[in-house]
Amino acid sequence: MKIFESKDGINYIRRGQMIPTETVVNMPDFHLIENRKAIGTLIESKGLTELSFSLSANDVVYGLGQNMRGLNKRGFVYESFCSDDPNHTPDKRSLYGAHNFFVVLGEENWGLYIDFAGKVTYDIGFEDKNQLKITIEGVDFDAYVFKGTFESITKQFRALIGPSYVPPKWAFGYQQSRWSYEDATVVKEIADRFDSEDIPCDAIYLDIDYMERFKDFTISDERFPEFKSFVKDLKARDLKLVPIIDAGVKVEEGYSVYEEGVEKHYFVTDDKGKPFSAAVWPGKVHFPDFLNADVREWFGNAYHEMLEMGIEGFWNDMNEPAIFYSEKGLNEAIAFVSAQAGQNLDIYTFFTLKDKIMGLSNALSDYKAMWHRMTTRSGELKVNHYDVHNLYGYNMTRAAAEGFKRFDSDRRFFMLTRASHIGMAKHSGIWTGDNHSWWEHLKLNVQMMPSLSMAGFLYSGADTGGFGGNVSAELMVRWMQFSTFTPLLRNHSAMGTRRQEPWQFDQATLKIIRDQIRMRYALVPYLYAEFMKANQDQTLLFAPLAYAYGDSRSLLVEDQVLFGEGLMLAPVIEQNALGRYVYLPEDMVLWKASSVENLNQESFVKMEHGDHYLPLAINESAVFIRKNHLLVLTEPRNRVSKLSYDHLTVIGYVEDEATYDLYDDDGVTNQFEKGIHHKTRLTVVRVGETYRLSVDTTVTTLGNIELYIIDKNGKTHHLKQEKGVL
Ligand code: MIG
């Protein structure tokens, strides 16, 4: 084992020669240090490594990206092992992503990132409440230990993995999805309905039924007879179509992707070197070997045809990879079942029989029977799938992202993926998979956003309203109130469930949801600015309260989160609740956000540090503005592209002075990477009994600004600044 240290005190531990993940892109200068115990206790046996650390009584543990349970992960066992499991119940240990970064805050603050391609298990004070025990399924790995404040630890980590994926700006608009809008007529009806109901929307999704027999990169002629002109028509209305791509390639003679893949040996193989056969939606499939650079190039180029037709982005699904059954597994199960025919089954044999069938999906034995030809710097490496399982979805999406770059290196493309690894945060956003229309999953969404920010997944969000199960109008509304702040705002639901487009409920609900989506559009310039700054400054877009507040109560708050530099959100996440308790770590200003149309002096209330019960009617959500911070709204429009800076509203809680940098750029190219963007600096200063706004901007179209500034006595000052004054 070698231990190194960087000049900012990051300890880098290298054990053996790990399978490269290409996650760390900015390696600081490290120097070798001798005989230093940088991490807890390390035991290696039977091919596993166990790391143990002791936890102090009040330590909290934040992180692990997309995972179950609370903000504070202490008290349960979690796994990093990309899993396709549509039942996110509290007993589950892993979801679709593998995100090996966490931070311990307490007696001593530290963070750990384990750079590893295989399975890692975290027992965080479960077996023994004072022990954090990590089991790595391998002996070769890299690890990074960070020390400092919550903020500096997360910054150092994010600096290592490099900037996160940035979508085109329209991706901050509302997106409507359903499994499935099955043909062009239905999609058009949805588009028309949004416009006739006057509800903003920027994108409509195409789930698996747009394809011809679930074959990737094909379009059903029957259901989308004039696909190209259809895409063009929607584009003329400023609406984007987002088609899905699945990991498995259908086995079918005459299907070019399949034939080329077989001919060039581009598929993951079985123990005998033949393409591994499994079944997913298309029936029998082979899996492209995304760990191989040639395969990535080939698959990435396959997206070009639809890009040429005007498609601007995709979602990659089933890339854990999800396997309904493998040919081998099914044959074995059938053989077992047949052998029991006519027998008088004892109970144990009956259960074995049942398990043989139930256990066919996503079986570890299948993952262990799959082989990759992985491209590494030192040549091609034959690796077993199980050992690199967490890199599969990551590299599928990397293939797409690299394909987009080759198509047009300066343009931003929309990309979401289901399975992920930290290394993928630079290539794509994620949606959090198949949640349910359960209040528990709204809470899970709230608790997951901060750990996703920590892992670098800034562009993310849940299926708003819930994917599985039937949503009530009330849950839909409360979920929309929270998702108004998540960069990805997508309403998606499964086949067979209650429809959940905004107009599927009653008239009152429709109005609330319309107002809510309009509020989202009014917030887009602000959300976008917060997003881009969080990415550039490596700060957290969503954070636990302890990110900014050092008191012991803040460490324990599980249902309120900080958003960006100036807000705290306290969403209602309980059925029938017409209010909730909130904890304020300092004085703040409450906006009971219900609409952006009717703002007035009474809309904002200063509240004191401490605990409060807050009544919140069904159309109200609690948005808190932190001390000496500003919130900026624009006038809503029905598309992101139609938003302007002509009439801004600045809301602030200002004791003496507050400044806000409203970042903006062209929203479509990668020029921002070269520093081509503008920042409008808004400064509000108290001058005696009133306030003055100064604006430092290069934006020529900046118009009138209306201000609601709340002072330390809770008085709201309503001021207007005319264009000429700027
Ligand atoms: O086996 O494509 O998470 O969003 O609608 C289900 C159908 C496959 C899972 C995705 C979901 C999508 C669904 N897919």
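**Exercise 1. Determine whether the length of helix α1 (residues 150-161) agrees with the span expected at 1.5 Å a residue.**

Solution. Helices (H or I, at least four residues) and strands (E, at least two) are DSSP runs, numbered from the N terminus. The expected span is 1.5 Å times one less than the number of residues. For the twelve residues of α1 this gives 16 Å, and the end C-alpha atoms are 17 Å apart, which agrees. Just after α1, glycine 162 has a positive phi of about 85 degrees.

The model is predicted: local features need pLDDT of at least 70, side-chain atom pairs count only at pLDDT 80 or more, and totals for chains, interfaces and linings use all residues. Residues are numbered from 1 along each chain as its sequence is written, and side-chain values use heavy atoms, with hydrogens and water left out.

**Exercise 2. State which residues of α1 are buried, and what they pack against.**

Solution. Buried means under 20% relative accessible area, exposed over 50%, and partly exposed in between (1.4 Å probe, protein chains only). Phe150, Ile153, Thr154, Gln156, Phe157, Arg158, Leu160 and Ile161 are buried in α1. Contact means heavy atoms within 4.5 Å. The partners of these buried residues include the strands β9 (101-105) and β10 (110-115), and the helices α12 (439-454) and α14 (507-537).

**Exercise 3. Describe the open sheet of seven strands and the place of α1 on it.**

Solution. The strand order is β3-β1-β2-β13-β10-β9-β6, with antiparallel pairing; two strands pair if DSSP finds at least two bridges between them. β3 (30-33) and β6 stand at the edges with a single partner strand each, so one side of each lacks a neighbour in the sheet. From one strand to the next the twist averages 25 degrees. Axes are lines fitted to C-alpha atoms, for helices over the stretch in contact, and angles run from 0 to 180 degrees between N-to-C directions. Between β10 and β13 there are six bridges in the antiparallel sense, and tyrosine 113 stands opposite tyrosine 144 in β13. Helix α1 packs on the sheet, touching β6, β9, β10 and β13, and its direction makes about 145 degrees with that of β13.

**Exercise 4. Establish whether leucine 241 is buried or exposed, and list its contacts.**

Solution. Leucine 241 is found in strand β16 (residues 240-246). Its relative accessible area is 4%, so leucine 241 is buried. Leaving aside neighbours within four places in sequence, its contacts include Val187, Ile204, Phe227 and Ile311. The C-alpha atoms of leucine 241 and valine 187 are separated by 9.2 Å, although the two residues are 54 residues apart along the chain.
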